[in-house]
Amino acid sequence: MWFELRARPLPWRENRDAYRIWISEVMLQQTQVATVIPYFHRFVERYRSLLELADADEHEVLQLWEGLGYYRRARDLLKAAGQLRDAGFDTIPNDEDLVRALPGFGRYTTNAVLSQAYDARLPILEANSTRLLCRLFGIDGDPKITANQRRLWHLAELLLPRNKSGAFNQSLMELGALVCKPTAPACSECPLKRRCVACLQGRQAEIPQHSKSAAMTKLSEVAVVITNGDRVLLVQRPPIGRWANLWEFPHGPNSDGETHELAAARLLEVLGIRGAVETEITTLRHSVTRYRITLTGLHIAYLNGTLDSTLYPNHAWVQLAELTNYPLSAPQRRLAEALGGACHGP
DNA sequence: AAATCGGGGCC
DNA sequence: GGCCCAGATTT
């Protein structure tokens with residue numbers, strides 16, 4: 001009843017179209033409601049139904065997705081739509097096992113879509129309901145650890161009412177988003193205040209406990225060293241992009257007057273690579289092209305230092321000592337160790 | 001169990 | 001600048 005009174009009039013709540021609910025749920029993964037709303041409008045206006053989406057051009061879908069991030073979500077959306085169309089469906093069917101097997105449908109999204117569209121009696125657990133349940137039941141420790149995940153999913157299932165499970169699931173999230181907020185929860189207006197362990201004990205600020213992230217050493221600049229046998233290449237980290245075998249370059253010619261397509265080709269040539277590497281070129285924004293380079297059999301190390309150009313072919317003089325203190329991920333560390341002293345120069 | 005994928009909002 | 005957000009997939 002709290003939900004019926006206080007629920008926000010969100011665009012995907014206008015009806016119970018499983019297609020629209022699906023799009024909204026995927027967009028909402030790791031993305032806040034306010035951010036999603038304009039994207040949702042544009043998307044469902046361009047592709048009004050599952051069948052329209054199934055026939056869509058991937059490049060166009062990705063363009064509509066620009067700014068949301070996690071572009072795999074958009075690709076999986078298209079894949080799933082195609083699979084459903086090929087199987088003869090014109091919308092998301094009310095079939096848990098079938099839907100769960102589609103790309104992009106994990107436990108949360110499957111249950112969220114089917115409960116909202118069809119009142120399927122399936123529990124959900126996400127950021128808002130996690131916070132709410134942790135406080136309500138006084139669950140200590142990091143909610144992300146496996147044991148607590150199991151407890152929380154179990155609770156979500158236990159609490160699920162016989163009917164109207166869709167509204168119930170959404171009310172958990174809505175209450176978490178509007179009242180049981182991460183900081184400064186509005187406990188005075190919470191319908192659960194008399195049954196909430198955290199509220200009764202005044203421990204709202206301590207629950208849920210957030211895991212302490214690893215200490216990070218600050219970097220002014222970062223570079224990458226790639227070796228293939230006796231060939232070594234030093235590449236400056238691009239201004240955007242993350243730790244991975246991934247670089248992004250702006251469109252158009254670089255400072256040396258060569259196109260970045262050519263620069264990428266030169267990079268591969270410097271490394272003496274033919275078949276071992278594939279490049280995948282995607283246009284994300286109009287200003288950025290992404291090159292995914294699969295570095296099979298190559299060694300990569302990451303290191304500190306300031307560089308002033310994008311590509312430095314054949315630089316073997318970089319000191320790996322500069323690697324110190326940066327908390328490399330496990331695969332990065334393995335690569336760095338495998339590289340060993342190969343980069344020690346004069 | 002851990003790593004990866006991102007961009008925007010907020011304190 | 002660090003943390004958070006309607007997670008899924010891969011290893």
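Helices and strands are taken here as DSSP runs, helices having at least four residues and strands at least two, and both are numbered from the N terminus. In this predicted model, Pro208 falls in the loop between α12 (197-201) and β1 (222-228), and the peptide bond that leads from Ile207 into Pro208 is cis, with omega near -5°. Two further loop residues stand out by their backbone angles. Asp119, although not a glycine, has a positive phi of about 55°; Asp119 sits in the loop between α8 and α9 and, with a relative accessibility of 30%, counts as partly exposed. Ala184, likewise a residue other than glycine, has a positive phi near 50°. The position of Ala184 is in the loop between α11 (165-178) and α12, where a relative accessibility of 62% places Ala184 among exposed residues.

The protein surface around DNA strand C comprises 26 residues, of which Glu25, Gln30, Gly104, Thr109 and Arg131 come nearest. Of the atoms of DNA strand C that come within 4 Å of the protein, 67% belong to sugar and phosphate. Contacts with phosphate oxygens of DNA strand C include one from a polar backbone atom of Gln30 at 2.7 Å and one from a polar side-chain atom of Thr109 at 2.6 Å. In addition, an N or O atom in the side chain of Glu126 lies 2.8 Å from a sugar or linking oxygen of DNA strand C. Helices α8 (107-118) and α9 (127-137) each contribute at least two residues to the surface near DNA strand C, and the residues of that surface divide into 10 nonpolar, 10 polar and six charged.

Thr31 is located in the loop between α2 (18-27) and α3 (33-46) and is buried, as its relative accessibility is 15%. The side chain of Thr31 reaches the backbone oxygen of Met27 at 3.3 Å, and a polar contact of 3.2 Å joins the side chain of Thr31 to that of Arg73.

Side chains of opposite charge can pair when their charged atoms come close. A search of the whole structure finds 11 salt bridges, one of which is formed by the side chains of Arg13 and Glu174, with an N to O distance of 3.0 Å. Because Arg13 lies in the loop between α1 (2-6) and α2 whereas Glu174 belongs to helix α11, this pair ties together parts that are 161 residues apart in sequence. Arg13 is partly exposed at 24% relative accessibility, while Glu174 is buried, with a relative accessible area of 1%. Arg8, Arg13 and Glu174 are linked in a network of salt bridges.

Helix α5 (residues 58-65) takes part in another such pairing, in which the closest N and O atoms of Arg46 and Glu60 are 2.5 Å apart; since Arg46 lies in helix α3 and Glu60 in helix α5, the salt bridge ties together parts that are 14 residues apart in sequence. Both residues are partly exposed, Arg46 at 40% relative accessibility and Glu60 with a relative accessible area of 27%. A salt bridge is also formed between the side chains of Arg75 and Glu58 (3.0 Å, N to O), linking helix α6 (residues 72-86) to helix α5 across 17 residues.

Finally, a nonpolar patch on the surface is formed by Phe137, Leu158 and Leu159, which together have about 270 Å² of accessible area. Within this patch, Leu158 belongs to helix α10 (residues 146-159) and is exposed, with a relative accessibility of 59%.

Notes. Residues numbered from 1 in each chain as written. Chains lettered and ligands numbered in written order. Predicted model: local features only at pLDDT ≥ 70, side-chain atom pairs only at ≥ 80, totals over all residues. Heavy atoms only, no water. Near = heavy atom within 4 Å. Polar contact = N/O pair within 3.5 Å; in protein donor to acceptor, adjacent residues only side chain to side chain. Nonpolar A, V, L, I, M, F, W, Y, C, P; charged D, E, K, R; others polar. Patch = residues over 30% accessible without salt bridge, like charges linked within 9 Å, V, L, I, M, F, W, Y side chains within 5 Å. Areas by Shrake-Rupley, 256 points an atom, 1.4 Å probe, with all protein chains shown as cover. Salt bridge = Lys/Arg side-chain N within 4 Å of Asp/Glu carboxyl O. Buried < 20%, exposed > 50% of the residue type's maximum accessible area, 1.4 Å probe, protein only.
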